[in-house]
Amino acid sequence: MTAAAVLALTTACGSADRTDAAPVANDKVRAGSGSSADYGSGDTGGDYGADKGQAGGDGYGNGYGSTDDSNRPAAQGAPARALALRQSPELGPVVTDSKGMALYRFDKDTAKPPNSACSGACATTWPPVPADDATAASGMAASALGSVTRPDGTQQLTISGWPAYRYAKDTAPGDTKGHGVGGTWNAFAPDGKKATAGPAADVSVFDQPRLGKLLVDKDGRTVYRFNKDSAWPMKFGCNGACLDTWKPVGPADKSKLEGVPEKLISTVTRPDGTKQLAVDCWPVYTFSGDKQPGDVNGQGKTGTWFAVSPEGKKITSPATG
């Protein structure tokens, strides 16, 4: 093949961190071999789970969810317990309590120092979340959680200094009816900021407390690459039983990327003919043991599976700074 053709292929699908593989002159792929232990699926019984804007009134949101609202969920003042992240199609990952109910912040509060401006009728519509028994989700920094003393002496949960509330008209897990009420109420993003309105990107960047910035799919799930795959020449090392634990990520629309260079995103064809997302020409997967946005339970599995940085590199060490 001509030198120009080799150069074109290398530019399109070369891997900057792989220097031991020679280019090939066709688009054929090879299915790799290896025992199931190489796939990170051996401890299926362990912790990894390897198996199968509204109108607003005075800005406080008063008038919504009064005490006689038949839709008001029970135990509004219950402890949050283990916080979780839930992917919203409209807002991206939002913070919820252990029951999946969204938590909100209020623009008229302050974070430095923490202070709540919501009391009386406001606190009926927006019940404060008690601070006791709350733990951070895996996609949140544990240090982000705190508390503030309310005027009645109770302790309210804070996230990055902002007092946390539920909304009386959220009646089912996943509801975010309070987002945008009065122009002052917003669901929490994992870093304590306001959840960002807008459709979810096919590939975007998530700032994970332990690993730093990494790539996630449209559902907010961490994507991983496998050392036994190869970007150049193309080879798939995860096949058969491996795919019960590691799920190939579907192709991405290049117009729906956030924080990742378009040139890194491509689509590859697996040995069975299905299409898979590739980052810097490396096929990427999600891990069945990751249950919510921010989970990185697959990181370092069997020393061969690693999260992917926004630059397309595998992440092998914790974040610094």
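Buried, in this talk, means under 20% relative accessible area. I start there because the word returns several times, and Cys238 is a case of it: at 0% relative accessibility, Cys238 counts as buried. One caution before going on: this is a predicted model.

Let me stay with the cysteines. A disulfide is a covalent bond between the sulfur atoms of two cysteines. How many disulfides does the count come to? It comes to two disulfides.

Cys238 belongs to one of them. Its partner is Cys242, and the S to S distance in that link is 1.9 Å. Cys242 has a relative accessible area of 0%, so Cys242 is buried. Is the link of Cys238 and Cys242 left-handed or right-handed? It is left-handed, with -100° about the S-S bond.

The other disulfide is formed by Cys118 and Cys122, whose sulfur atoms are 2.0 Å apart. This link is left-handed too: the angle about the S-S bond of Cys118 and Cys122 is -110°. As for accessibility, Cys118 is at 1% and therefore counts as buried. Cys122 has a relative accessible area of 3%, which means that Cys122 is buried.

Next, the pocket. The largest pocket has a volume of about 780 Å³. It is lined by 34 residues, and those closest to its centre are Pro93, Ala189, Pro190, Val205 and Phe206. What kinds of residue make up the lining of the largest pocket? They divide into 17 nonpolar, nine polar and eight charged.

Which strands supply at least two residues each to that lining? They are β3, residues 92–96, β11, residues 203–208, and β12, residues 212–217. Of the contributions to the lining, the one from β11 is the most, with five residues.

That brings me to β11 and β12 as a pair. The two strands form a hairpin, with three residues between them. They run antiparallel, and six bridges join β11 to β12. For one place to look on screen, take Gln208, whose bridge partner in β12 is Gly212.

Gly212 deserves a minute of its own. It lies in strand β12. Is Gly212 buried or exposed? Gly212 has a relative accessible area of 9%, and buried means under 20%, so Gly212 is buried. Its strand gives a similar picture: five of the six residues of β12 are buried, so β12 is largely enclosed by the rest of the structure.

What does Gly212 touch? Leaving aside neighbours within four places in sequence, Gly212 is in contact with Phe206, Asp207 and Ala319. Phe206 has come up already, as one of the residues closest to the centre of the largest pocket. There is also a distance to note: Gly212 and Ser317 are 105 residues apart in sequence, yet 9.4 Å apart in space, C-alpha to C-alpha.

Now two open sheets. I will take them in sequence order.

One open sheet has three strands in the order β7-β8-β9, with antiparallel pairing. Which strands are at its edges? The edge strands are β7, residues 145–149, and β9, residues 162–163, and each of them pairs on one side only. Strand β8 covers residues 155–159, and two bridges join β8 to β9, the two running antiparallel. In that pairing, Ile159 has Trp162 in β9 as its bridge partner.

Another open sheet, also of three strands, has the order β18-β19-β20, and its pairing is antiparallel. Here the edge strands are β18, residues 265–269, and β20, residues 282–283, each pairing on one side only. Strand β19 covers residues 275–279, and five bridges join β18 to β19, which run antiparallel.

To find that pairing on the model, look for Ser266, which stands opposite Ala278 in β19. Then look for Thr267, which stands opposite Leu277 in β19.

How many residues lie between β18 and β19 in their hairpin? There are five residues between them. In the turn of that hairpin, Gly273 has a positive phi of about 95°.

To recap, then. There are two disulfides, with Cys118 and Cys122 in one and Cys238 and Cys242 in the other. The largest pocket, of about 780 Å³, takes five residues of its lining from β11. β11 pairs with β12 in a hairpin, and Gly212 sits in β12. That is what I have for today.

Key: Residues are numbered from 1 along each chain as its sequence is written. This is a predicted model: local features need pLDDT of at least 70, side-chain atom pairs count only at pLDDT 80 or more; totals for chains, interfaces and linings use all residues. Side-chain values use heavy atoms; hydrogens and water are left out. On a 1 Å grid over the protein atoms alone, a cavity is a set of points where a 1.4 Å probe fits but cannot get out, and a pocket is an open set with protein on both sides within 12 Å along at least five of seven lines; lining residues have an atom within 4 Å of a point. Grid points are joined across faces, edges and corners, and a volume is the space filled by probe spheres set on the points. Helices (H or I, at least four residues) and strands (E, at least two) are DSSP runs, numbered from the N terminus. Ala, Val, Leu, Ile, Met, Phe, Trp, Tyr, Cys and Pro count as nonpolar, Asp, Glu, Lys and Arg as charged, and the others, Gly among them, as polar. A disulfide is a pair of cysteine sulfur atoms within 2.5 Å. Buried means under 20% relative accessible area, exposed over 50%, partly exposed in between (1.4 Å probe, protein chains only). Two strands pair if DSSP finds at least two bridges between them. Contact means heavy atoms within 4.5 Å.
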